Amino acid sequence: LDLLCCSYAISAVNESQNGTVYLVGAGPGDPNLLTVKADRLLRQCGALVYDSLVPKELLDLVVDSCECHFVGKRRGHHSLPQQKINSILVEIASRHSCVVRLKGGDPFLFGRGAEEAAYLDSHGISVEIVPGITSGIAVPAYVGIPVTHRLGGSSITFVTGHEEKDKKRPIVNWRGLANATDGLVIYMGVHNLEYIVDELIAGGLNPFTSAAIIQQGTVVGQRLIKAPLNQLVKEVGTLEFISPSIVVIGQIVDFQIEACSPDLANVTMPI
Ligand SMILES: C[S@@+](CC[C@H](N)C(=O)[O-])C[C@H]1O[C@@H](n2cnc3c(N)ncnc32)[C@H](O)[C@@H]1O
């Protein structure tokens with residue numbers, strides 16, 4: 001196995017003077033959802049740059065000499081500007097042949113992975129994407145909610161509920177989405193939930209459509225709140241807010257099979 005890992009490392013090093021940056025998806029929280037490729041890269045990388053919402057168990061996979069940088073961002077608490085993160089990656093790639101940029105879930109789903117990849121590419125750094133299991137699929141799945149279903153979920157939309165404060169007009173056309181998709185999976189949607197629900201209903205979505213919020217999915221403490229769309233805000237408002245959360249709207253919620261939920265007793269919340 002060591003030999004295999006070693007040959008993988010050699011083939012992974014690009015021929016320029018700079019190393020390769022791997023934009024790696026860490027999965028949604030349960031460290032067991034890491035891909036085999038991500039596991040292999042974490043064990044061999046010379047430097048690791050990681051975000052919030054990355055399972056802390058994964059940090060134990062790197063070798064002792066690995067140079068580790070936390071650049072985590074949480075809503076409202078941006079610890080480092082994106083430009084700074086980009087510069088750090090370029091600098092580190094000039095010193096290490098294998099750099100892992102670890103992001104929660106999948107790097108290309110609301111993770112600014114494409115921006116980082118484009119920046120690195122424009123600076124002559126070799127970059128590779130290692131997809132991860134996104135929270136939008138895994139978190140509903142861990143409570144037994146399928147994101148598609150032959151009988152009532154032929155289309156699904158992954159959408160961000162986060163709007164920048166200084167944005168002149170909303171980027172998501174919620175009214176347009178109301179009748180354009182069977183199901184919605186909303187990332188970062190809880191803070192704007194009232195607005196989103198109002199817009200969807202104004203756009204023609206049945207107020208009694210089934211909806212769910214899953215908080216801290218795939219780890220111990222995972223919580224599921226289910227309510228008809230027009231009751232969702234009230235329902236979540238009576239409970240203490242827990243981050244992160246995924247919102248699922250549509251008939252797919254009715255297809256939940258509770259028996260699918262795994263035992264999460266030993267799976268703790270990511271950093
Ligand atoms: C910046 S986005 C990154 C998404 C990530 N790239 C992915 O593919 O899952 C962060 C949002 O993902 C969702 N999220 C991530 N992990 C989650 C979890 N364990 N439980 C519930 N929602 C989660 C939340 O909506 C959170 O606000």
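The legends below describe several close-up views of one predicted model.

Because the model is predicted, local features are given only at a pLDDT of at least 70 and side-chain atom pairs only at pLDDT 80 or more, while totals for chains, interfaces and linings use all residues. Residues are numbered from 1 along each chain as its sequence is written, and side-chain values use heavy atoms, with hydrogens and water left out.

**View 1. The whole chain, with its eight helices and twelve strands.** Helices (H or I, at least four residues) and strands (E, at least two) are DSSP runs numbered from the N terminus. Of the 271 residues in the chain, 49% are buried, where buried means under 20% relative accessible area, exposed over 50% and partly exposed in between, computed with a 1.4 Å probe on protein chains only. Among contacts with a separation of 6 or more, 71% are made by residues 24 or more positions apart, contact meaning heavy atoms within 4.5 Å.

**View 2. The parallel sheet, an open arrangement of five strands in the order β3-β2-β6-β1-β7.** Two strands are taken to pair if DSSP finds at least two bridges between them. The edges are formed by β3 (67-70) and β7 (126-130), each of which pairs on one side only, and neighbouring strands of this sheet are turned by 20 degrees against each other on average, direction ignored. Six bridges join β1 (residues 20-25) to β6 (residues 98-103) in the parallel sense, with Tyr22 standing opposite Val100 in β6. Helix α2 (residues 36-44) packs on this sheet, touching β1, β2 (47-50), β6 and β7, and its direction makes about 130 degrees with that of β6. Helix α3 (residues 82-93) lies across β1, β2, β3 and β6 and runs at about 155 degrees to β6; axes are lines fitted to C-alpha atoms, for helices over the stretch in contact, and angles run from 0 to 180 degrees between N-to-C directions.

**View 3. The mixed sheet, an open arrangement of five strands in the order β8-β9-β12-β10-β11.** Because β8 (156-160) and β11 (223-228) stand at the edges with a single partner strand each, one side of each is left without a neighbour in the sheet. Neighbouring strands of this sheet are turned by 15 degrees against each other on average, direction ignored. Strands β10 (residues 210-215) and β12 (residues 245-250) pair in the antiparallel sense over five bridges, and Ile214 stands opposite Ile246 in β12. Helix α5 (residues 135-142) lies across β8, β9 (183-187), β10 and β12, running at about 80 degrees to β12.

**View 4. Strand β9, in which five of the five residues are buried.** Gly183, Val185 and Tyr187 on one side and Leu184 and Ile186 on the other are all buried, so that both faces of β9 are covered. In a regular strand the side chains alternate between the two faces of the sheet. Strand β9 runs parallel to β8, to which five bridges join it, and Gly183 is the bridge partner of Ile156. Five bridges also join β9 to β12, the two running antiparallel, and here Val185 has Val248 as its bridge partner.

**View 5. The largest nonpolar core, with 22 residues.** A nonpolar core is a set of buried Ala, Val, Leu, Ile, Met, Phe, Trp, Tyr and Cys residues joined through side-chain atoms within 4.5 Å. Trp174, Ile186, Leu200, Ile213, Val247 and Ile249 touch the most other members. At least two residues of this core come from each of α6 (174-178), β9, α7 (193-202), β10, β11, α8 (232-237) and β12, and α7 gives the most, with four residues. Leaving aside neighbours within four places in sequence, the contacts of Ile249 include Ile186, Leu200, Leu205 and Leu229.

**View 6. The surroundings of the ligand, with 18 residues around it.** A residue is counted here if one of its heavy atoms lies within 4 Å of the ligand, and Leu109, Thr134, Ser135, Met188 and Ser245 come nearest. Polar contacts are pairs of N or O atoms within 3.5 Å; within protein, one must be able to donate a hydrogen and the other to accept it, and residues adjacent in sequence count only if both atoms are side-chain atoms. A polar backbone atom of Pro28 is 2.9 Å from a nitrogen atom of the ligand, and a polar backbone atom of Gly104 is 3.0 Å from a nitrogen atom of the ligand. An oxygen atom of the ligand lies 2.8 Å from a backbone N or O atom of Asp106.
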